[in-house]
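Please open the model in your viewer and keep the selection panel at hand. The tour below goes from one selection to the next and says what to look for at each stop.

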Amino acid sequence: MVSDAFDLYGEREWERHERSPFARVSLHLHRRYLERFIQPGNRVLEVGSGAGRFTVELARLGAHVWVTDISPGQLELHVRHLAENGLEEAVERREIVDLLDLGSIDRGPFDAVVCYGGPLSFVMDEADVGLEGLLEAARPGGYVLIGVMSRLGSLRTYLSTAEEEIRAYGVEEMDRVVSTGELPVHHSSLGAPMHLYTWAELARLFSRHGCEVVAASAANFVSIGNDELCERWLAQEPELWERLLAWEELACAQPGALDAGTHIIAVVRRE
């Protein structure tokens, strides 16, 4: 189901990172953590690469990337986008691989593993299996960079959409989504069920696997709900836009903000 959903989602997977100011902020913050933890010459396994947004960033950092995704359609787009950016040489290999089957990759361990875009959200109650596979793919001491959908931050950002769904399905069903994080397929814009995380829940997942959390951040915070102002700064006052990005980096890494963005970013180190 997830594979089919992303095949149908198509080019929107590439475009979603620029749809709004807070989406641009999210892209910037994901990129910043790549810059912090990926070194030139690193061999990187990218899990859930989609159409290649973050592969492009990894390639620009000088990484050699083994690309995997569950969607054949997304990998086709990936080929085109890497070629258009002149970065195909950075791709070591592409494979259709499920997050839950990373043991089938026989060219590890990798210096780092990147799992942005929410693959852990889509494996639902098999997150422990998914995380174990990500950690095993990394060399001892290697970093695993993860992005998941945020439960409370998504509610904050898309409250008007939640109201529409309350009218359609009832407030009790929305309350179940908020209390459990389980988003049924008919609530998902992607056409696949997913699990929305709180930071506390994600931290418990990491603790069960004995990995060290070295960084955590919301993917956006200050920009949410300020589209008009942010668009004006981006178009007319770029120095203020750059200052906003710096404020977002500071704010999103604060413990009180981790649950307040559309996504949660975490970096863990394998023992």
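**First stop: Leu-205**

Select Leu-205, which is buried, with a relative accessible area of 2%; bear in mind throughout that this is a predicted model. Leu-205 belongs to helix α11, which covers residues 199–208. If you display what surrounds this side chain, and set aside neighbours within four places in sequence, you will find Leu-205 in contact with Leu-120, Ala-127, Asp-128, Leu-131 and Tyr-197. For a sense of scale, draw a distance from the C-alpha of Leu-205 to that of Ser-26, a residue 179 positions away in sequence, and the separation comes to 23 Å.

**Zooming out: the whole chain**

Now select the whole protein, in which the secondary structure amounts to 13 helices and 9 strands. The radius of gyration is 18 Å, close to the 18 Å that the globule rule gives for 271 residues, so the protein is as compact as a globular protein of that length. Aligned on its principal axes, the C-alpha trace spans about 50 × 45 × 35 Å. Colouring by accessibility would mark 53% of the 271 residues as buried. Of the contacts with a separation of 6 or more, 74% are between residues 24 or more positions apart.

**Helix α6 and the loop after it**

Select Ser-121 next, in helix α6, residues 119–122. Is Ser-121 buried or exposed? With 0% relative accessibility, below the 20% cut-off, Ser-121 counts as buried. Its side chain reaches the backbone nitrogen of Met-149 at 3.2 Å, and, leaving out residues up to four places away in sequence, Ser-121 touches Val-148, Met-149, Met-194, His-195 and Tyr-197.

Moving along the chain, select Met-124, which lies in the loop between α6 and α7, the latter being residues 127–137. At 21% relative accessibility, Met-124 counts as partly exposed. The backbone deserves a look here, since the phi of Met-124 is near 55 degrees, a positive value in a residue other than glycine. Most residues other than glycine have a negative phi.

**Pro-193 and Met-194**

From Met-124, step across to Pro-193, which Met-124 contacts. Pro-193 sits in the loop between β6 (182–183) and β7 (194–195), and with a relative accessibility of 22% it counts as partly exposed. Apart from neighbours within four places in sequence, the contacts of Pro-193 are Met-1, Phe-122, Met-124, Leu-183, Pro-184 and Val-185. Among these, Phe-122 is 71 residues away in sequence, yet the C-alpha atoms of Pro-193 and Phe-122 are 6.7 Å apart in space.

Then select Met-194, which is part of strand β7 and which was listed above among the residues touched by Ser-121. At 7% relative accessibility, Met-194 counts as buried. A distance drawn from Met-194 to Arg-19, 175 residues apart in sequence, gives 21 Å between the C-alpha atoms.

**The packing of α3 and α4**

Select helices α3 (residues 21–37) and α4 (residues 53–60) together, and you will see them pack at an angle of about 40 degrees, with their axes 10 Å apart. The crossing of α3 and α4 is right-handed. Which residues of α3 meet α4? On the α3 side they are Leu-27, His-30, Arg-31 and Leu-34, and these meet Arg-53, Phe-54, Glu-57 and Leu-58 in α4. Sorted by class, this contact has 4 nonpolar, 1 polar and 3 charged residues.

Keeping α4 selected, note that the helix is mostly covered, with 7 of its 8 residues buried; these are Arg-53, Phe-54, Thr-55, Val-56, Glu-57, Leu-58 and Ala-59. Following α4 is Gly-62, whose phi is positive, near 90 degrees.

**Last stop: Ile-265**

Finish at Ile-265, in strand β9, residues 263–269. With a relative accessible area of 1%, Ile-265 is buried. Not counting residues up to four places away in sequence, Ile-265 touches Leu-29, His-30, Tyr-33, Tyr-116, Ile-146, Ala-215, Ala-216, Ser-217, Ala-218 and Ala-219. One of these, His-30, also takes part in the contact of α3 with α4. As a closing step, draw a distance from Ile-265 to Cys-252, 13 residues apart along the chain, and the C-alpha atoms are separated by 9.6 Å.

Terms used:
Residues numbered from 1 in each chain as written. Predicted model: local features only at pLDDT ≥ 70, side-chain atom pairs only at ≥ 80, totals over all residues. Heavy atoms only, no water. Helix = DSSP H or I, 4+ residues; strand = E, 2+ residues; numbered from the N terminus. Buried < 20%, exposed > 50% of the residue type's maximum accessible area, 1.4 Å probe, protein only. Contact = heavy atoms within 4.5 Å. Axes fitted to C-alpha atoms, helices over the stretch in contact; angles between N-to-C directions. Left-handed = near helix turned anticlockwise from the far one by under 90°. Nonpolar A, V, L, I, M, F, W, Y, C, P; charged D, E, K, R; others polar. Polar contact = N/O pair within 3.5 Å; in protein donor to acceptor, adjacent residues only side chain to side chain. Rg over C-alpha atoms; globule rule 2.2 N^0.38 Å.
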